[in-house]
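Work through these short exercises with the model open. Try each task before you read its solution.

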Amino acid sequence: MPKTITVEKTTADEQTLPAPGKRGSSRKTSSKAARRAMRVAYRTRRGMAPVYATAAQAIAGSVLAVPDDGWKTALAATAAGAAATVAWGRWDARLGKKRLRKRLPVRADFIAAASAVTTGGSLVTAMAATGGLQLGDSPYPALVGAWGIGHGIYWWRRGKRTAAPAPALSKQLQLWQDNVSCSDGPLPGSGLADVVTTDYGWTAVIVLDKGTWRRAVTAAGDIAGALDLPEEMIQIEKAIGQSARRAIIAVFDRNPLQDGTTYPGPHILDKTTGQAEVGIFYDGKGARYAFWKPSGPVHSVIYGATDGGKSRFLDMLLSTERHNGIVSWVCDPQGGQSLPRWREAVDWYEDTAQGGLAMLYALRNVMYERSARYSLMEWTDPKGRVLRGRDHFVVNDPDPLIVMTIDEAHRVLALPGAVALVLEIVLMARKCGIKLRLVFQGPKANMFGAGPESTDIREQLQSGNTVMFRTASALTDSIGLPGWEVNPSQLPMYWPDGTSTAGLGFIKGPDNRQAQFRAHFDRDPAHWATTGTTPTVEPSAAAVTGKAYAERLDRLAARLRGETPVLPDDAFQDGPTDPARLTPSNDPIAQASAAIAAEAPAGTDEKVAAFLAERGRPVGRNTIAQETKLTISAVKNALTRLKSKGLAVAVDRGIWAHPDHAKTPADATEYADAA
């Protein structure tokens with residue numbers, strides 16, 4: 001039988017537990033309440049911040065009033081807080097390529113913070129110096145309460161403004177996820193980043209799961225359909241400077257380019273860079289056009305269908321040139337109808353295709369004159385060294401920039417010899433300070449004339465500024481802006497309210513943005529054309545342009561009188577009567593034959609004139625050709641030119657003489673030879 005042991009407990013052996021309501025239980029309950037209060041205070045820290053700041057201010061003022069020099073501590077804290085507030089409002093720095101701060105505070109927040117620190121610190125300092133909060137008749141309780149209410153109202157209203165856009169952003173992200181980035185959407189797996197609401201809708205960065213930004217641009221129409229929007233209300237472009245998988249999307253409630261902008265004046269040209277803001281992109285940023293860069297002028301080509309905005313764009317450029325010391329030569333083959341305001345406001349104006357060809361010949365002469373002069377010019381490089389021979393052009397050092405504008409340029413390039421002449425100028429003129437600006441309806445190859453050189457001209461011009469307004473054919477979009485994912489032919493002709501979209505297009509310039517822009521509208525080109533002074537070429541350039549340039553104002557006056565002016569003898573390299581240049585034929589064989597027949601070595605006119613003077617009597621053309629060893633064709637053209645100059649007289653058919661010997665009888669053999 002097991003043995004049983006009995007043990008008695010005493011009062012000392014039992015653990016004493018606190019009875020309900022005693023001291024230990026009270027301590028635990030109060031600590032739980034404190035922690036709960038702290039959690040509530042933390043969760044409400046943003047909304048209750050003004051209340052907490054007001055209470056802290058009252059406590060600080062009372063605590064610092066105990067020591068005699070507590071006010072000094074309050075004053076030092078106020079100064080430190082003010083300095084920290086200034087640094088917070090203006091500090092911006094980088095650590096390597098990483099920006100340490102995304103954005104500075106807005107002006108209103110900075111002012112509110114500075115007010116809170118300085119006024120609050122002043123109250124604490126005053127309380128510390130005069131004995132604390134002092135309930136009763138003291139003004140401090142009212143001042144502290146007013147401080148809390150005033151700054152609290154701004155704080156709470158600011159919180160409401162900041163939180164307002166959140167629902168719109170959530171809606172945009174949800175629409176994208178449900179309709180675009182879903183498995184059966186246009187861009188599966190894509191996302192949006194940096195969504196920002198704007199006055200015209202919203203913008204964001206598209207982050208593609210696969211592929212490059214071109215994939216997003218190509219899918220722009222499908223994205224518009226997925227978001228249930230018109231195609232013209234979406235703009236997608238490359239995110240410049242970011243990953244190739246990112247693109248910028250802008251969604252419009254109303255196209256911001258519809259209102260357009262007015263040309264502000266010639267000051268749009270920045271003479272330090274040679275660039276001018278000629279319009280705006282959809283996001284309000286300026287669209288720039290380069291007149292020149294450090295290496296020299298920048299050639300330009302402008303495309304656009306009827307009512308696309310070409311002429312008004314040229315009005316703006318010519319206004320800018322006139323008032324910035326740039327010499328403008330203008331050819332308007334449409335009889336001057338496209339650019340009528342500039343007939344008397346530029347250095348040289350021609351309103352026929354033949355006049356434009358004469359202008360090109362003169363421009364080439366200026367190019368070679370400047371080239372010869374610059375090759376021997378002394379100049380000082382950035383290191384202070386004096387060198388001889390300059391291989392680049394500096395605006396107004398010593399000569400002005402010359403810009404030749406040819407509207408409806410296909411009419412000039414259709415003339416025989418014009419294509420080769422333009423190509424020569426395009427390839428060589430930049431170093432001599434000469435810029436070509438050609439304007440076409442579209443970028444088709446036949447616009448640039450016949451022959452393989454036409455493609456070279458187009459490529460050289462498009463390597464500079466290319467401005468492409470609305471065009472008429474989708475087949476030429478990629479030709480005018482090669483490598484760009486844009487469709488100028490799909491630009492609308494009218495806005496939804498029925499107004500014209502003239503000036504809407506794309507510009508390849510210094511910005512290199514594949515985004516819609518709209519050119520400034522020069523509402524009063526006559527003002528800029530009739531004010532200021534007309535810049536002209538330097539005397540050495542004018543000397544080599546010949547009569548075509550010297551008599552330009554006389555021809556203009558004759559045109560204004562209703563007469564038909566005639567270009568001078570030296571307007572063309574081969575003479576004004578050359579049928580291959582003045583009367584273009586549709587027969588290429590006839591053109592070639594006429595051009596070959598017109599060829600003559602340099603000095604032909606002088607040689608024929610000297611022979612006639614020495615001969616002393618009338619002589620037949622065949623005799624002249626035999627004696628001078630020139631071709632019959634060369635002699636014929638030389639005699640025609642000498643006749644217009646008064647240096648030769650046609651005595652009979654095929655018989656010519658010097659004016660001083662015109663009445664001298666000719667030998668019978670000469671008549672037989674001429675027959």
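Ala, Val, Leu, Ile, Met, Phe, Trp, Tyr, Cys and Pro count as nonpolar; Asp, Glu, Lys and Arg count as charged; the others, Gly among them, count as polar. Keep in mind that this is a predicted model.

**Exercise 1.** Describe the second largest pocket and sort its lining by class.

*Solution.*
Step 1: Start with the volume, about 420 Å³.
Step 2: Look at the lining, which has 17 residues. Ala-112, Ala-113, Ala-116, Tyr-154 and Trp-155 lie nearest the centre of this pocket.
Step 3: Find the elements. α2 (49-64), α3 (70-90), α4 (107-130) and α5 (140-163) each give two or more residues to the lining of the second largest pocket. α5 gives the most, with six residues.
Step 4: Sort by class. The lining has 12 nonpolar, three polar and two charged residues.

**Exercise 2.** Do the same for the largest pocket.

*Solution.*
Step 1: The volume of the largest pocket is about 670 Å³.
Step 2: Its lining has 26 residues, and the closest to the centre are Ala-220, Glu-231, Val-486, Asn-487 and Gln-490.
Step 3: At least two lining residues come from each of α7 (213-218), α8 (220-226), β5 (234-238), α14 (477-480) and β20 (504-508).
Step 4: The classes are 13 nonpolar, nine polar and four charged.

**Exercise 3.** Which strands are the edge strands of the open sheet with the order β22-β24-β23?

*Solution.*
Step 1: The sheet has three strands, with antiparallel pairing.
Step 2: β22 (619-620) and β23 (649-652) each pair on one side only, so they are the edge strands.
Step 3: Check one pairing. Two bridges join β22 to β24 (residues 655-657). Gly-620 has Ile-655 as its bridge partner in β24.

Technical notes:
Residues are numbered from 1 along each chain as its sequence is written. This is a predicted model: local features need pLDDT of at least 70, side-chain atom pairs count only at pLDDT 80 or more; totals for chains, interfaces and linings use all residues. Side-chain values use heavy atoms; hydrogens and water are left out. On a 1 Å grid over the protein atoms alone, a cavity is a set of points where a 1.4 Å probe fits but cannot get out, and a pocket is an open set with protein on both sides within 12 Å along at least five of seven lines; lining residues have an atom within 4 Å of a point. Grid points are joined across faces, edges and corners, and a volume is the space filled by probe spheres set on the points. Helices (H or I, at least four residues) and strands (E, at least two) are DSSP runs, numbered from the N terminus.
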